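Visitor: Please show me the model. I want to know what stands behind each term.

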Amino acid sequence: MSKKIVVSGGLGFIGSHVVVELQNEGYEVIIIDNLSNSSKEVLKGITEITGIEPVFEEFDLRDKIYVSDFFKKHSAIEGVIHFAASKAVGESVQLPLLYYENNLASLIYLLQELEQLPTANFIFSSSCTVYGQADELPITEAAPTKTAESPYGNTKQIGEEIIRDTAKVSKKLNAIALRYFNPIGAHESSKIGELPIGTPQNLVPFITQTGIGIREQLSVFGDDYPTQDGTCIRDYIHVVDLAKAHVAALKRLIEKNNSESYEVFNIGTGKGSSVLEVIHAFEEVSGQKLNYKIVDRREGDITAAYADTTKANQVLGWKSQYTLKDALLSAWNWEKKIRS
Ligand code: UD1
């Protein structure tokens, strides 16, 4: 019998790609999403790719009663992968209480319900933002966390702590936090991808929107960083690779292979790319020049971050497969598809 997995935020950018990989692997998926930053159309894309329409429950995880009713309605759940959260760094500075409530209340309510289930396997969507500017590169899981730059970043740190503390005393909870580096790209079918609302804050959606002509010019935030070409370095990972890491982490918990009740893994490619390298790779795969200009640094940006992925490679048996160019091409194909 196929195993039932709940994916909160399953219609979002990363969540939808995870749903596809889970269904491809034979899991039965139930999506919870409040559509605050996603659309029902995404269900169609998932169904077209996999031939299976996942169950969809539309509600807000801040409604404790709904969360509890959901777990009464759906039995035999083998795992929960939790994506539902607000993620705009700038907005989180303006609306801290919204971020703390949305990102932490939903997590607490889910964990409270999980504790009542016969099996409580939980995957948390964390971020390399917890490391801030690490003292050593590449960044291992042993690197200390730094004071968060924003309420958004803080919710990831506090979220991890809530799960760690709960797993420590819980007889049931087994959890893995995946610390993502920079997820980019789209499914190769161009049926699902990133759908930023308003002006994109992240580099790659801004690049593809500039490429297609929605934005006039990309601003490169600073070229005076102590890096090879002066622009910041990040570890850009294809969202499909990232999605597969979730399946590997889930299997580890379901098969009870975890060595501790709470584990963390870096999920990246292990390779750092500068902003200019990303721009030039985009120009190559899209066959067109990108209009960009160097401007001042963006407040809160760190100089460089890329993952040491040894732990995920060895323990999860997972490794990224796609290159930066593969990821940029998929992002570009997706941009062209949604604008056509
Ligand atoms: C950002 C967030 C981080 C969050 C992550 C989620 C900030 C300061 N950090 O990370 O907390 O976890 O998104 O995906 O917002 N860049 C430009 N021009 C642009 C946009 C970006 O030059 O228009 C540069 C940035 O300076 C950075 C790189 O591109 O060097 C990547 O930026 P971005 O995609 O926003 O990711 P992060 O800053 O790594």
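Guide: What follows takes the ligand shell, the helix crossings and two backbone points in turn.

Guide: This is a predicted model, where local features need pLDDT of at least 70, side-chain atom pairs count only at pLDDT 80 or more, and totals for chains, interfaces and linings use all residues. Residues are numbered from 1 along each chain as its sequence is written, and side-chain values use heavy atoms, with hydrogens and water left out.

Visitor: What makes a residue part of the set around the ligand, and how many residues surround it?

Guide: A residue is near if one of its heavy atoms lies within 4 Å of the molecule. There are 18 such residues around the ligand, and the closest are Leu-203, Ser-219, Arg-234, Arg-298 and Asp-301.

Visitor: Which strand gives the most to that shell?

Guide: Strand E8, residues 218–221, with 4 residues. Strands are DSSP runs of E with at least two residues, helices are runs of H or I with at least four, and both are numbered from the N terminus.

Visitor: How does the shell divide into nonpolar, polar and charged?

Guide: The shell has 9 nonpolar, 6 polar and 3 charged residues. Asp, Glu, Lys and Arg count as charged; Ala, Val, Leu, Ile, Met, Phe, Trp, Tyr, Cys and Pro as nonpolar; the others, Gly among them, as polar.

Visitor: What makes the pair of Arg-234 and the ligand a polar contact?

Guide: The term needs a pair of N or O atoms within 3.5 Å. A polar side-chain atom of Arg-234 lies 2.6 Å from a ligand oxygen atom, so the pair qualifies. Asp-301 also places a polar side-chain atom 2.6 Å from an oxygen atom of the ligand. Phe-221 uses a backbone N or O atom, 2.9 Å from a ligand oxygen.

Visitor: Why is H7 called oblique to H11?

Guide: Helix H7 (residues 203–212) and helix H11 (residues 324–339) pack at about 50 degrees, with axes 10 Å apart. Under 35 degrees is roughly parallel, over 145 roughly antiparallel, 65 to 115 roughly perpendicular, and the rest oblique. Therefore H7 is oblique to H11. Axes are lines fitted to C-alpha atoms over the stretch in contact, and angles run from 0 to 180 degrees between N-to-C directions.

Visitor: What joins Leu-137 and Pro-138?

Guide: A cis peptide bond, with omega about -10 degrees. Pro-138 sits in the loop between strand E5 (120–127) and helix H6 (151–169).

Visitor: What is phi of Ala-76?

Guide: Near 55 degrees, a positive value in a residue other than glycine. Ala-76 lies in the loop between helix H3 (64–73) and strand E4 (77–82).

Methods:
A polar contact is a pair of N or O atoms within 3.5 Å; within protein, one must be able to donate a hydrogen and the other to accept it, and residues adjacent in sequence count only if both atoms are side-chain atoms.
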